[in-house]
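Work through the exercises below with the sequence and the coordinates open. Each task is followed by a solution in steps.

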Amino acid sequence: MAEKMTFVGKPVPKVDAVQLATGKAEYGDDIKLAGALHVKLLVSPVAHAMIKKIDTSKAEALPGVEGVVTYRDSPRVTFNPGFYYSLPKDRYVFDKKVRFVGEPVAAVAAVDKDTAEEALKLIEVEYEELPVVLDPEEALKPDAPKIHSDTNLTAKITREWGNVEKGFKESDYVFEGKYTTARQVHAPIEPHACAASFESGKLTIWTNSQIPFHVRSVLSEVFSMPQHKIRVINTFVGGGFGGKDEVPIEPMVALLAMKVGKTVRLALTREEVFYATTTRHPSIIWLKTGVKKDGTLVARQVKAILNTGAYASHGPTVAGAMSTRELGLFKAPNVKFEADVVYTNSPIAGAFRGYGNPQQSFAVESQLDEIAEKLGIDRIEIRCKNTIRKGDVNPGTGAKIESCGLEECMRDAADRIGWRQKSRDIANGKLKNRGLGIACLMHNSGGHPYINEYSAVVVQINEDGSVQVMTGATDIGQGITTTITQIVAEELGVDMKSITVSRPDTEVVPMDRGTYASGLLYISGEAARKAAVDARKQLLKKAAKVMKAKVGDLEIAKGSIWSRKRPQVKKTIHEIIGEVAVVGKSAHTPPSNAPSFGAQCVELEVDPESSTFKILRITYAADVGRAINPLIVEGQIEGGAVMGMGFALTENLVLDGKGKTINKNFTDYKLLHASDLPKIEPIIVESLEPTGPFAAKGVGEPSLVPVAPAIANAIYQAVGARIIDLPITHDRLFKNMQS
């Protein structure tokens with residue numbers, strides 16, 4: 001592979017930037033569907049109850065109402081809106097039992113929104129309320145109210161290597177701590193939206209999902225329909241972050257479309273997104289670490305509780321992911337991980353950017369700083385001493401690390417923030433109440449080996465030399481359409497402007513895994529590259545015949561083909577193709593999950609009198625393999641850092657004692673504004689990954705992961721207050737500073 005490339009590695013603008021900036025991009029609620037009925041949801045006002053009676057007759061009699069569906073219309077097929085086949089199936093489209101405030105109990109289709117909302121008021125529901133349990137530790141007690149069956153333990157995830165008991169006996173020091181994290185919401189700019197039609201036995205869905213092919217799979221399962229009878233069309237997606245990595249509303253909308261025989265559409269309100277979709281898992285983590293005097297890690301034990309809310313969703317796999325990343329990042333030969341995933345009468349927790357890694361990172365990276373202080377070891381050096389390296393095997397997954405630039409990331413992030421000089425100035429009192437924090441991470445590019453992942457791509461070179469890329473890769477704002485365009489342009493030697501990348505449509509494009517686990521570029525991008533290679537081979541073979549040359553002597557660039565031996569003989573792709581298109585194909589399954597690495601440094605200043613602090617600067621160095629588009633990589637780093645700051649400082653979905661969400665809007669739920677942000681400096685480290693497209697790895701999630709522990713570690717250096725509970729509120733900081 002030549003290092004000098006034309007398109008790959010270049011910071012080109014997004015190919016759909018004009019559409020996005022001018023409002024021409026059609027998002028979920030923008031799709032124009034003639035005669036589409038409006039759908040509104042009736043949700044439960046109580047956290048736990050049996051529906052004794054539900055009367056929809058008055059609503060159905062209201063002029064303009066076309067249909068109402070409830071549990072009486074719902075197929076008695078359990079499913080999981082998350083798509084992993086190993087996840088517990090514990091949900092119906094509608095059920096006779098409600099398990100959290102905000103759970104849908106009916107859906108109405110009417111000629112307009114006002115009529116649909118009026119109809120909701122006419123539906124009479126009689127609830128037989130049941131005892132409520134919101135705390136996961138309480139939910140595990142034998143006498144706790146049972147939410148599904150005879151236990152609230154959704155899943156118990158365990159993983160172990162070495163002998164942890166023996167490891168602690170061999171340790172010179174043992175450290176223990178308890179850490180908690182809060183319920184964060186995804187808060188995408190665009191709420192969930194979906195439309196459906198059912199004609200001649202065929203179901204068509206328009207959705208802003210991250211996973212259109214899995215939407216098809218879930219609907220096929222729920223309604224016992226063959227997949228070729230279901231078409232899923234992906235609209236533009238205004239942010240997902242994992243919140244659209246499930247199938248929460250499509251079954252309800254499909255059920256209504258089947259009943260009324262007309263096109264129906266639903267767009268959730270902002271409040272509904274807050275309480276009726278999914279959140280990050282609140283966690284309690286007990287961490288015990290054994291070390292030698294020189295800082296060598298010997299043993300680690302984790303006991304965790306994840307509050308998965310009323311339904312399992314992704315809970316078991318989030319817990320499983322926690323055991324393979326931060327615990328694999330730092331090499332302890334003896335590790336035992338146990339996590340209880342627990343049902344409560346709370347909003348559902350599911351997939352969320354970072355997927356368990358931020359919770360675990362907060363505990364591990366915070367305690368690692370405690371260990372460094374106790375042993376008198378530099379905080380960066382203790383990390384370098386214990387970190388996994390290229391050639392090592394991640395004991396959590398059994399996968400060999402083929403590329404790793406973590407040490408370079410730590411050095412670069414620290415150098416950029418001025419770690420050495422500022423550390424001296426803090427130590428000698430020149431910088432008072434100032435703190436520096438560092439935290440590292442290992443994340444994955446996809447779910448291998450635990451998920452069977454795939455991507456198929458078709459690259460067609462048309463007779464005029466233009467190129468069509470048919471892929472199900474779902475762009476949710478992260479720019480995969482652009483990076484795939486760059487990859488195909490590089491392989492084919494054509495200009496990016498001559499390439500069109502399709503939007504996902506399950507009836508038109510080949511299957512794709514969807515957008516999750518920072519694996520889209522790594523998996524779908526490689527599938528696109530391979531399909532382009534196939535098309536290039538066919539094109540050159542055809543050109544060799546036309547130009548009476550050997551394939552190995554031919555070059556392609558700027559849409560033309562020529563022979564190295566006779567450079568004066570040149571033909572355009574259009575002249576070579578003639579009237580028959582060239583079609584390249586690829587079906588790709590990844591051989592690894594190609595972990596990406598990173599390190600984040602934070603500088604902040606604490607005001608002891610007010611117990612407030614200001615983050616002055618964040619530097620984040622990311623090992624991304626090769627940056628296909630540095631501009632997009634930097635945007636992902638900055639966006640992840642901001643979301644990580646929200647997780648660390650302000651975001652927490654609050655419930656009252658009966659399970660009702662209190663802060664279900666952008667006024668009461670504190671998201672950070674631009675004026676709240678420090679200078680965020682992205683640093684790209686390229687540690688080339690041999691299994692990735694042009695040596696690239698994932699970048700979407702990682703920069704969120706280390707933010708909270710880096711901030712907490714900086715606060716401790718500034719004022720000696722160790723924060724172990726998130727978010728880091730004024731009250732918590734004040735209390736810790738007084739103790």
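The exercises cover two helices, one strand residue and the nonpolar cores.

The model is predicted: local features need pLDDT of at least 70, side-chain atom pairs count only at pLDDT 80 or more, and totals for chains, interfaces and linings use all residues. Residues are numbered from 1 along each chain as its sequence is written, and side-chain values use heavy atoms, with hydrogens and water left out.

**Exercise 1.** Find the span of helix α6 and state what encloses this helix.

Solution.
- Helices (H or I, at least four residues) and strands (E, at least two) are DSSP runs, numbered from the N terminus.
- Helix α6 runs over residues 212-223, which is 12 residues. The expected span is 1.5 Å times one less than the number of residues. For α6 that gives 16 Å, and the model has 17 Å from the first C-alpha to the last, close to the expected value.
- Buried means under 20% relative accessible area, exposed over 50%, and partly exposed in between (1.4 Å probe, protein chains only). Because 11 of the 12 residues of α6 are buried, the helix is largely enclosed by the rest of the structure.
- Contact means heavy atoms within 4.5 Å. The cover over the buried residues of α6 includes β10 (202-207), β11 (230-234) and α7 (250-260).
- Just after α6, S224 has a positive phi of about 50 degrees.

**Exercise 2.** Which residues of α7 are buried, and which residue follows the helix?

Solution.
- The buried residues are E250, P251, M252, V253, A254, L255, L256, A257 and V260.
- That is 9 of the 11 residues of α7, so this helix is largely enclosed by the rest of the structure.
- G261 follows α7, with a positive phi near 70 degrees.

**Exercise 3.** Place V264 in the largest nonpolar core.

Solution.
- A nonpolar core is a set of buried Ala, Val, Leu, Ile, Met, Phe, Trp, Tyr and Cys residues joined through side-chain atoms within 4.5 Å.
- The largest core has 143 residues, and I123, V264, L604 and I711 touch the most other members. Helix α19 (residues 707-719) gives the most to this core, with 8 residues.
- Leaving out residues up to four places away in sequence, V264 touches L37, V39, A109, C194, A195, A196, V253, L256 and A257.
- A second, separate core of 43 residues includes V8, I499, A532 and I576.

**Exercise 4.** Is S283 buried or exposed, and what does its side chain contact?

Solution.
- S283 lies in strand β13 (residues 283-291).
- S283 is buried, with a relative accessible area of 3%.
- A polar contact is a pair of N or O atoms within 3.5 Å; within protein, one must be able to donate a hydrogen and the other to accept it, and residues adjacent in sequence count only if both atoms are side-chain atoms. The side chain of S283 makes such a contact with the side chain of T181 (2.6 Å).
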